[in-house]
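Take a walk through this model, one stop at a time. Begin inside, then step back to the whole chain, and finish at a pocket.

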Amino acid sequence: MSRHATPCCKIGPSILCADLSCLADECQRMMQSGADYLHLDVMDGHFVPNLTFGHPIVKCLRPKMPDVYFDMHMMVENPEKWVESMSDAGANQYTFHVEACEDIPTLCRKIQEAGMRVGIALKPGTPVETILPYSELFDVALVMTVEPGFGGQRFMEDMMAKVQYLRTNFPNLDIEVDGGVGPSTIDVCAEAGANMIVSGTAITGASDPSQVIALLRNSVENAIQKSQLER
């Protein structure tokens, strides 16, 4: 598994919250504002009630930003169905929901063989223990801090217990948080041990996205530095 010896801070704007009528320009704006990667939400209208976009959009974006890391958040039923298509389109990370998969080891291997990093996501109601048997098979654990597929929800601070558990037991794991994360909630995420930060409107809707990204990064990097000193 390709994990960092010490997980570093990575900020990934959720492009679903951007102006989709000029998606490529918005993606470029996010990267120029200091983002480390882009978080792309794929919803199928079944696993979650909303529809977004699929691999054709990713394929169109890839030539315009050949070096950008695309993190695909697959909020879909039968996630094994789209692995090859997303890989061919240029995705770098394939994050599926544990609740949508019956054979997790096979799917993880399939993603790895397709040349992508493996992410495994947990809904708020799913115990963190659900993914522990597969800890050697994934690169990133995504802890949802809202219910996936619904907008306008409040950040669930009690989900930080999952983040803390994962960071304590898997110190080199990339731990991602997604949902209601912004300047007012970043400190609790950082202190719990999250290092991959997905943020939507807090970044895309800001008058100065670079300032927000810098604020989020500063909080996470300070928390990482503090944890290293305490070891």
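Leaving aside neighbours within four places in sequence, which residues is Ala 141 in contact with? The model is a predicted one, and in it the partners are Ile 120, Ile 131, Leu 166, Leu 173, Asp 174, Ile 175 and Glu 176. Ala 141 sits in strand 6, which covers residues 140–144. Its relative accessible area is 1%, so Ala 141 is buried; the cut-off for that class is under 20%. His 39 lies elsewhere: 102 residues separate it from Ala 141 in sequence, and the two C-alpha atoms are 14 Å apart in space.

Move to strand 4, residues 93–97, where Thr 95 is found. Thr 95 has 0% relative accessibility and therefore counts as buried. What does Thr 95 contact, once neighbours within four places in sequence are left aside? One group of partners is Asp 71, Met 72, His 73 and Met 74. Another is Gly 119, Ile 120 and Ala 121, and Leu 142 completes the list. Ile 120 thus also appears among the contacts of Ala 141. Leu 142 is 47 residues from Thr 95 along the chain, yet their C-alpha atoms are separated by 7.8 Å.

The third stop is Ile 197, in strand 8, residues 196–199. Is Ile 197 buried or exposed? Its relative accessibility is 0%, so Ile 197 counts as buried. Not counting residues up to four places away in sequence, Ile 197 touches Lys 10, Ile 11, Gly 12 and Tyr 37, among others. Its contacts also include Val 177, Val 181 and Ile 186. Leu 216 and Val 220 are touched as well. Glu 113 gives a sense of distance: 84 residues away in sequence, its C-alpha lies 26 Å from that of Ile 197.

Now for a contrast in a loop. Asn 78 is located between strand 3 (70–75) and helix 3 (83–89). Its relative accessible area is 42%, so Asn 78 is partly exposed. The backbone deserves a look here: phi of Asn 78 is near 50°, a positive value in a residue other than glycine.

Step back to the whole chain. It has eight helices and eight strands. Of its 231 residues, 53% count as buried. How does the radius of gyration compare with that of a compact globule? For 231 residues such a globule would have a value near 17 Å; the chain has 16 Å, so the two agree. Along the principal axes, the C-alpha atoms fill a box of roughly 45 × 45 × 30 Å. Among contacts between residues at least 6 apart in sequence, 65% join residues at least 24 apart. The exposed area is about 10200 Å², and carbon and sulfur atoms supply 49% of it.

The last stop is empty space. Rolling a probe the size of a water molecule over the atoms shows where such space is left. The second largest pocket holds about 380 Å³. It is lined by 22 residues, and the closest to its centre are Ala 190, Glu 191, Gly 193, Ala 223 and Ser 227. Which helices each supply at least two residues of this lining? They are helix 5 (160–169), helix 6 (186–192) and helix 8 (209–230). Helix 8 gives the largest share, with eight residues. By type, the lining of this pocket divides into eight nonpolar, eight polar and six charged residues.

Terms used
Residues are numbered from 1 along each chain as its sequence is written. This is a predicted model: local features need pLDDT of at least 70, side-chain atom pairs count only at pLDDT 80 or more; totals for chains, interfaces and linings use all residues. Side-chain values use heavy atoms; hydrogens and water are left out. On a 1 Å grid over the protein atoms alone, a cavity is a set of points where a 1.4 Å probe fits but cannot get out, and a pocket is an open set with protein on both sides within 12 Å along at least five of seven lines; lining residues have an atom within 4 Å of a point. Grid points are joined across faces, edges and corners, and a volume is the space filled by probe spheres set on the points. Helices (H or I, at least four residues) and strands (E, at least two) are DSSP runs, numbered from the N terminus. Ala, Val, Leu, Ile, Met, Phe, Trp, Tyr, Cys and Pro count as nonpolar, Asp, Glu, Lys and Arg as charged, and the others, Gly among them, as polar. The radius of gyration is taken over C-alpha atoms; the globule rule is 2.2 Å times the number of residues to the power 0.38. Buried means under 20% relative accessible area, exposed over 50%, partly exposed in between (1.4 Å probe, protein chains only). Contact means heavy atoms within 4.5 Å. Accessible areas come from the Shrake-Rupley method with a 1.4 Å probe; for residues, only the protein chains shown count as cover.
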